[in-house]
Amino acid sequence: MIPLWLMILCSAIMGLGTSIGGYRIIKSVGMDMVRLEKYQGFAADTAAALCLLVSSLTGVPVSTTHTKTTAIMGVGAARRLSNVNWGVVREMVMTWVLTFPGCGLIGFLMAKLFFILF
């Protein structure tokens, strides 16, 4: 049984993180990485939705953020490869690669802290 206070605390921290980082992510993907026309945005959303549907039906775990971002990259590159700011893409990929070990380390440290406290 997970205590109510812990669920509320986790929800509040996740909401705070989204509100702080959300604008930067939207700016990076929507303005800095590639500029899309309306029909290209629709194509990117459709492609990402289909990928997420197929992965859900087959039981393959994927990140919705990674799926949407790479669909936007693909749509931007479909017109011309130079439409995509590959410097921004490189930074995103590095962030994705470093997120997994970083989250693992933070999870390990939090578990150790909770074992000590409780």
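In this predicted model, Asp32 is a good place to begin: D32 counts as partly exposed, at 32% relative accessibility. The side chain of D32 meets that of K27 in a salt bridge, with an N to O distance of 3.2 Å. K27 likewise counts as partly exposed, its relative accessibility being 31%.

A search of the whole structure finds 2 salt bridges. Besides the pair just described, K68 forms a salt bridge with D45, and here the closest N and O atoms are 2.3 Å apart. This pair links distant parts of the chain, since K68 lies in helix α3 (residues 64–79) and D45 in helix α2, 23 residues apart. K68 is partly exposed, with a relative accessible area of 33%, and D45 also counts as partly exposed, at 42% relative accessibility.

D32 takes part in a helix contact as well. In α1, the residues S28, V29, D32 and M33 meet V88, V89 and M92 of α4. By class, this contact of α1 with α4 has 5 nonpolar, 1 polar and 1 charged residues. Helix α1 spans residues 4–33 and helix α4 residues 86–117; the two pack at an angle of about 155°, with their axes 10 Å apart. Angles over 145 degrees count as roughly antiparallel, and α1 and α4 are therefore roughly antiparallel to each other. The crossing of α1 past α4 is left-handed.

Attention turns finally to helix α2 (residues 38–58), where S55 is found. S55 is buried, with a relative accessible area of 7%. Leaving aside neighbours within four places in sequence, S55 is in contact with V60 and V62.

Technical notes: Residues are numbered from 1 along each chain as its sequence is written. This is a predicted model: local features need pLDDT of at least 70, side-chain atom pairs count only at pLDDT 80 or more; totals for chains, interfaces and linings use all residues. Side-chain values use heavy atoms; hydrogens and water are left out. Axes are lines fitted to C-alpha atoms, for helices over the stretch in contact, and angles run from 0 to 180 degrees between N-to-C directions. Helices (H or I, at least four residues) and strands (E, at least two) are DSSP runs, numbered from the N terminus. Angles under 35 degrees count as roughly parallel, over 145 as roughly antiparallel, 65 to 115 as roughly perpendicular and the rest as oblique. A crossing is left-handed if the near helix is turned anticlockwise from the far one by less than a right angle, and right-handed if clockwise. Contact means heavy atoms within 4.5 Å. Ala, Val, Leu, Ile, Met, Phe, Trp, Tyr, Cys and Pro count as nonpolar, Asp, Glu, Lys and Arg as charged, and the others, Gly among them, as polar. Buried means under 20% relative accessible area, exposed over 50%, partly exposed in between (1.4 Å probe, protein chains only). A salt bridge is a side-chain nitrogen of Lys or Arg within 4 Å of a carboxyl oxygen of Asp or Glu.
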